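Biologist: I'd like a close look at just one part of this model, with the terms spelled out as you go. Pick a part, and show me how it is built and what it is joined to.

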Amino acid sequence: MKKTILFFFGSMVIAGGCSTTRSPILYPNEHLNTVGAAQANRDIEECCQLADSYLKSKKAKEMTKDAVESGVAGAAAGAAAGSIFGHVGRGAAAGAAAGAASTVTHALFRIKDPDPVFMNYVNSCLSERGYQPIGWE
């Protein structure tokens with residue numbers, strides 16, 4: 001049971017990196033025209049990696065806290081239901097696993113798009129390098 005929870009949590013952390021389907025759109029200013037698309041793509045990737053490194057610890061702490069809270073709530077609900085049927089321990093274990101798995105699954109669906117803080121970080125990083133981000137696609 002614990003291995004399943006750890007697997008789901010680990011999968012979510014791995015999936016949450018810089019591998020997003022969205023990327024910044026750059027205004028074709030003089031800097032972009034000078035460095036070219038290949039260098040711009042390298043700079044975008046580097047800014048994404050910097051943002052990911054900087055923001056990763058905050059996200060991991062929030063995910064852990066949410067999973068623990070859901071696990072505790074699930075354990076309490078499972079214990080209550082289990083006591084009715086004479087299996088308090090089993091009910092608590094099942095409830096804890098279900099609560100934590102639910103939190104992790106919900107977070108996986110939110111990973112699809114980068115969060116606004118991530119996008120702002122990347123935009124600032126690119127602006128400091130001479131680019132003009134105008135949106136994300």
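Modeller: Let's begin with a term we'll need straight away: a polar contact is a pair of N or O atoms within 3.5 Å; within protein, one must be able to donate a hydrogen and the other to accept it, and residues adjacent in sequence count only if both atoms are side-chain atoms. Helices (H or I, at least four residues) and strands (E, at least two) are DSSP runs, numbered from the N terminus. Keep in mind that this is a predicted model, where local features need pLDDT of at least 70 and side-chain atom pairs count only at pLDDT 80 or more, while totals for chains, interfaces and linings use all residues. Residues are numbered from 1 along each chain as its sequence is written, and side-chain values use heavy atoms, with hydrogens and water left out.

My pick is helix α4, plus the loop that comes after it. To place it, the chain has 4 helices and 2 strands, and along the sequence they run α-β-α-α-α-β. Helix α4 covers residues 116-128, and the loop after it leads to β2 at 133-136.

Let's start at the front end. There, a side-chain oxygen of D115 comes to within 3.1 Å of the backbone nitrogen of V117, which is a polar contact in the sense above. From there α4 runs for 13 residues, and its first and last C-alpha atoms are 18 Å apart. That's close to the 18 Å expected at 1.5 Å a residue; the expected span is 1.5 Å times one less than the number of residues.

Now, which side of the helix faces in? We call a residue buried under 20% relative accessible area, exposed over 50%, and partly exposed in between (1.4 Å probe, protein chains only). In α4, the buried ones are F118, M119, V122, C125 and L126. Looking down the axis, these buried residues fall within an arc of 125°, so they line one face of α4. (The arc is that of the directions from the helix axis to the C-beta atoms.) If the spacing puzzles you, remember that an α-helix has 3.6 residues a turn, so residues three or four places apart point the same way. On the other side of α4, P116 and E128 are exposed.

What does that inward face join? A nonpolar core is a set of buried Ala, Val, Leu, Ile, Met, Phe, Trp, Tyr and Cys residues joined through side-chain atoms within 4.5 Å. The largest one here has 15 residues, and L26, F118, V122, L126 and Y131 touch the most other members. Helices α2 and α4 each supply at least two residues of this core, with α2 giving the most, 7 residues. It fits a general habit: in soluble globular proteins, nonpolar side chains tend to be buried together.

Helix α2 turns up again when we look at C125. A disulfide is counted when a pair of cysteine sulfur atoms lies within 2.5 Å, and that rule gives 1 disulfide here. Its partners are C47 and C125, with sulfur atoms 2.1 Å apart. The angle about the S-S bond is -70°, making the link left-handed. It joins distant parts of the chain, with C47 in α2 and C125 in α4, 78 residues apart. Both ends are tucked away: C47 has 0% relative accessibility and is buried, and C125 is buried too, at 8%.

Last stop, the loop between α4 and β2. G130, which follows α4, has a positive phi near 105°. In this loop, R129 pairs with D43 in a salt bridge (3.2 Å, N to O). A salt bridge means a side-chain nitrogen of Lys or Arg within 4 Å of a carboxyl oxygen of Asp or Glu. D43 sits in α2, which spans residues 30-85, and is 86 residues from R129. R129 is partly exposed at 27%, while D43 is buried at 9%. R129 also forms a salt bridge with E46, the closest N and O atoms being 3.1 Å apart. E46 lies in α2 as well, so this pair ties together parts that are 83 residues apart in sequence. E46 is partly exposed, with a relative accessible area of 39%.
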